[in-house]
Amino acid sequence: MLIPEEIKIGGFLIGIELVEHLVNERGNLGEYHPRTQTIKLDKDNTKQQNQETLIHEILEAVTSIYDIEMQHKDLSNMAVVLHQILLDNEGLSK
Ligand SMILES: [Zn+2]
C-alpha cells in the first residue's frame with residue numbers, strides 16, 4: 001500500500017504530508033486538518049504505522065466531511081480492520 005501525495009474524499013482534494021516531530025510535539029502519529037484539507041503523518045513512523053494511520057485519518061476526514069457521528073474508539077478499530085483487509089488482499093482495488 002503506497003502513501004499517495006493527495007486523496008479525493010467527497011469532492012475535496014486532501015493533501016498528504018510527511019512532517020517531522022508530530023509524535024514528539026503533539027503525541028499523534030497523524031492528524032487530519034479540515035481547514036487546510038491536509039492529512040499529516042509523522043515521517044519517522046514505520047511504513048506500517050503510516051499506512052494504518054493514513055486509513056485512520058481518511059476515516060477522520062470521511063466522518064468530518066459527511067458529518068457522520070462515530071465514537072473515536074470505533075473509528076480507530078475500523079482503521080485497524082481496514083488496514084489488515086487492504087494489506088492481506090492486495091488485488092482488492094485492481
Ligand atoms: Zn483519530
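**Reading a sheet, a helix and a core**

Tutor: Welcome! In this predicted model, strand 3 and strand 4 run antiparallel and are joined by four bridges.

Student: Which residue of strand 4 is the bridge partner of His33?

Tutor: The partner of His33 is Thr38 in strand 4. As a general idea, strands of a sheet pair through backbone hydrogen bonds, either parallel or antiparallel.

Student: In what order do the four strands lie in the sheet?

Tutor: The order is 1-2-4-3, in an open sheet with mixed pairing. Strand 1 (6-9) and strand 3 (30-33) are the edge strands, each pairing on one side only. On average, neighbouring strands of this sheet are turned by 20° against each other, with direction ignored.

Student: Which strands does helix 2 touch as it packs on the sheet?

Tutor: Helix 2 touches strand 1, strand 2 (12-19), strand 3 and strand 4. The direction of helix 2 makes about 25° with that of strand 3.

Student: Now the interior. Which residues make up the largest nonpolar core?

Tutor: The general idea helps here: in soluble globular proteins, nonpolar side chains tend to be buried together. In this model, the largest nonpolar core has eight residues: Ile14, Tyr32, Ile39, Leu41, Leu54, Ile55, Leu59 and Ala61. Strand 4 (38-42) and helix 2 (47-65) each supply at least two residues of this core.

Student: What supplies the largest share of this core?

Tutor: Helix 2 does, with four residues.

Student: And what is Leu59 in contact with, leaving aside its neighbours within four places in sequence?

Tutor: Leu59, one of the core residues, is in contact with Leu75, Met78 and Ala79 once those neighbours are left aside.

Technical notes: Residues are numbered from 1 along each chain as its sequence is written. This is a predicted model: local features need pLDDT of at least 70, side-chain atom pairs count only at pLDDT 80 or more; totals for chains, interfaces and linings use all residues. A nonpolar core is a set of buried Ala, Val, Leu, Ile, Met, Phe, Trp, Tyr and Cys residues joined through C-beta atoms within 7 Å. A residue is buried if 20 or more other C-beta atoms lie within 10 Å of its own, exposed if 12 or fewer, and partly exposed in between; C-beta atoms are placed from the backbone. Two residues are in contact if their C-beta atoms, placed from the backbone, lie within 7 Å. Two strands pair if DSSP finds at least two bridges between them. Axes are lines fitted to C-alpha atoms, for helices over the stretch in contact, and angles run from 0 to 180 degrees between N-to-C directions.
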